[in-house]
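Walk me through this fold, from its sheet to its charged side chains. Start with one term that the first stop depends on.

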Amino acid sequence: MKNPKPKEWTADKWSKGYIADYKPFMFVDGEGVRCSVYVSGCLFACEGCFNKAIQNFNYGKPYTQELEDTILADLSQDYVQGLTLLGGEPFLNTQVCLSLVNRFREQFGNTKDIWSWSGYTFEELLLETEDKLELLSKIDVLVDGRFELTRRDLSLQFRGSSNQRIIDVKKSLPQKEVVIWQKCLDAERYYGK
Ligand code: SF4
């Protein structure tokens, strides 16, 4: 597993603007029915990564305006609660993610929500580049941290290892301190909250 220094890895250097997959109407990538975008490329190299192929920034296909239009049309369905960004690493693909997130907010405001997974922790993101901070400020829920094989727990809600946290970003950002998502079912077991 790699641990970058603040601002060591940047999306403008690494991202190729590729996505591995787009899956509409998912039930497992966060709360409710969601449209999930899996961006390509990740540098964390966690042992036991669920999908090593997706670590390659050239994996999959280019993200296009046409696909973005499709995603927004899917999101407009009443029964869809929101958008989920996963990877790969969304915060090393901020060009793709910010384009989508900005249109999402224009169209839906705060009537729907945005979740993102990241190998970065919340604290690491606070020390990161402007584009990463902008993306963080525009999402509602962050599932943070690398996958740690020694802490793997298949019973966890929405995450693979017990170091990872489900974070309420809107509550955490003003105080620059993690506030665990209120509906986290196993928060008491792991965070004493
Ligand atoms: S952060 Fe996620 S995608 Fe990246 S190497 Fe780790 S498990 Fe794989």
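A salt bridge here is a side-chain nitrogen of Lys or Arg within 4 Å of a carboxyl oxygen of Asp or Glu. Buried means under 20% relative accessible area. Keep in mind that this is a predicted model.

Take D29 with those terms in hand. D29 sits in the loop between strand 1 and strand 2. D29 is buried, yet it has no salt bridge. The nearest side chain of opposite charge is K23, 6.8 Å away. That distance is outside the 4 Å cut-off, so the two do not count as a salt bridge. The side chain of D29 instead has a polar contact, at 2.7 Å, with the side chain of S36. Beyond its sequence neighbours up to four places away, D29 touches R34, S36, Y38, T84, L86 and W117.

K23 does have a partner. Its side chain forms a salt bridge with that of D21, at 4.0 Å from N to O. Both ends are partly exposed: D21 has a relative accessible area of 30%, and K23 has 33%.

Now the sheet. Seven strands form an open sheet in the order 3-1-2-4-5-6-7, with mixed pairing. Strand 3 (61-62) and strand 7 (165-168) are the edges, each pairing on one side only. Strand 5 (residues 113-117) runs parallel to strand 6 (residues 141-144), and three bridges join them. Within this pair, S116 stands opposite L142. Helix 3 packs on the sheet and touches strands 1, 2, 4 and 5. The direction of helix 3 makes about 165° with that of strand 4.

F91 lies in the loop between strand 4 (80-86) and helix 3 (94-108). How accessible is F91? F91 is buried, with a relative accessible area of 0%. Its contacts farther along the chain include S116 and L142, the residues that face each other across strands 5 and 6. Others among them are A11, Y120, L125 and I139.

Back to charge. The whole structure holds 14 salt bridges. One joins R165 to E123, with the closest N and O atoms 2.7 Å apart. R165 is in strand 7 and E123 in helix 4 (residues 122-125), 42 residues apart. R165 is buried at 16%, whereas E123 is partly exposed at 39%.

Helix 4 also supplies E124, whose side chain meets that of R146 in a salt bridge at 2.5 Å, N to O. R146 lies in the loop between strand 6 and strand 7, so the pair ties together parts 22 residues apart in sequence. E124 is partly exposed at 22%, and R146 is buried at 7%. Elsewhere, E68, D69 and R103 are joined into one network by salt bridges that share partners.

Methods. Residues are numbered from 1 along each chain as its sequence is written. This is a predicted model: local features need pLDDT of at least 70, side-chain atom pairs count only at pLDDT 80 or more; totals for chains, interfaces and linings use all residues. Side-chain values use heavy atoms; hydrogens and water are left out. Helices (H or I, at least four residues) and strands (E, at least two) are DSSP runs, numbered from the N terminus. Buried means under 20% relative accessible area, exposed over 50%, partly exposed in between (1.4 Å probe, protein chains only). Contact means heavy atoms within 4.5 Å. Two strands pair if DSSP finds at least two bridges between them. Axes are lines fitted to C-alpha atoms, for helices over the stretch in contact, and angles run from 0 to 180 degrees between N-to-C directions. Lys and Arg count as positive and Asp and Glu as negative; His and the chain ends are not counted. A polar contact is a pair of N or O atoms within 3.5 Å; within protein, one must be able to donate a hydrogen and the other to accept it, and residues adjacent in sequence count only if both atoms are side-chain atoms.
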